[in-house]
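Me: I'd like to learn how to read a ligand site and a strand pairing from a model. Can you walk me through one?

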Amino acid sequence: MADAVSVDWEALLAEARRMTGHAYVPYSGYPVGAAALVDDGRTVSGCNVENAGYGVTLCAECGLVSELAKTGGGSLVAFVCVNKAGDVIMPCGRCRQLLHEHAGAGFVIRTPQGDLPWEDVLPQGFGPQDLERVRP
Ligand code: THU
């Protein structure tokens with residue numbers, strides 16, 4: 001549950017900033033690092049990995065979600081992503097959808113405008129429950 005683990009934002013920020021150092025960004029020169037707290041207390045993170053086929057680029061959130069799955073799954077409690085300067089940025093639209101799938105109740109995101117409930121950055125998000133609703 002979201003309030004079962006407390007969020008150490010400084011630790012999450014440090015991990016996201018550390019991840020920018022692993023980014024592979026020969027095309028944009030724009031490293032991104034992302035980190036999230038999982039409901040069992042572990043931290044997952046990722047960096048962007050670009051590709052000569054520009055559209056194939058993996059955002060930092062892709063690596064984060066991949067780590068979430070491969071290390072045991074679970075629900076996201078808190079998330080932050082940063083640019084090369086270490087400043088907090090917003091996840092792109094596609095990555096909001098990516099994260100939404102794994103958002104736990106009470107999922108919080110750090111934004112340039114402060115810490116916000118997930119619903120504020122992806123209102124009425126499309127998710128697994130929408131599929132369930134029409135499943136025979
Ligand atoms: N990028 C991310 O990794 N995550 C986001 O949420 C925003 C954009 C990356 C993709 C690309 O490698 C670079 O930032 C510039 O768009």
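Me: How far is an oxygen atom of the ligand from an N or O atom in the side chain of glutamate 61?

Reply: Keep in mind that this is a predicted model. A pair of N or O atoms counts as a polar contact within 3.5 Å. Here the distance from a ligand oxygen to the side-chain N or O atom of glutamate 61 is 2.8 Å.

Me: Which polar backbone atom is 2.8 Å from an oxygen atom of the ligand?

Reply: That one belongs to alanine 60. Asparagine 48 joins in through its side chain, with a polar atom 2.9 Å from a ligand oxygen.

Me: How much of the ligand's accessible area does the protein cover?

Reply: Take the area of the ligand on its own, then ask what share the protein covers. On its own the ligand has 370 Å² of accessible area, and 79% of that is covered. As for the site, the ligand takes up the space of the largest pocket.

Me: What kinds of residues make up the shell around the ligand?

Reply: Sort them by class: six are nonpolar, three polar and two charged. Among them are Tyr30, Val32, Glu50, Pro91 and Cys92.

Me: Now the strands. How do strand 5 and strand 6 run?

Reply: Look at the bridges and the direction. Strand 5 (residues 103-111) and strand 6 (residues 114-117) are antiparallel, joined by four bridges. The two make a hairpin, with two residues between them.

Me: Which residue in strand 6 does isoleucine 109 stand opposite?

Reply: Its partner across the pairing is leucine 116. As a general guide, side chains in a regular strand alternate between the two faces of the sheet.

How values were computed: Residues numbered from 1 in each chain as written. Predicted model: local features only at pLDDT ≥ 70, side-chain atom pairs only at ≥ 80, totals over all residues. Heavy atoms only, no water. Near = heavy atom within 4 Å. Polar contact = N/O pair within 3.5 Å; in protein donor to acceptor, adjacent residues only side chain to side chain. Areas by Shrake-Rupley, 256 points an atom, 1.4 Å probe, with all protein chains shown as cover. 1 Å grid on protein atoms, 1.4 Å probe; cavity = no way out; pocket = protein on both sides within 12 Å on 5 of 7 lines; lining within 4 Å. Sits in = over half its atoms within 2 Å of the grid points. Nonpolar A, V, L, I, M, F, W, Y, C, P; charged D, E, K, R; others polar. Pairing = 2+ DSSP bridges.
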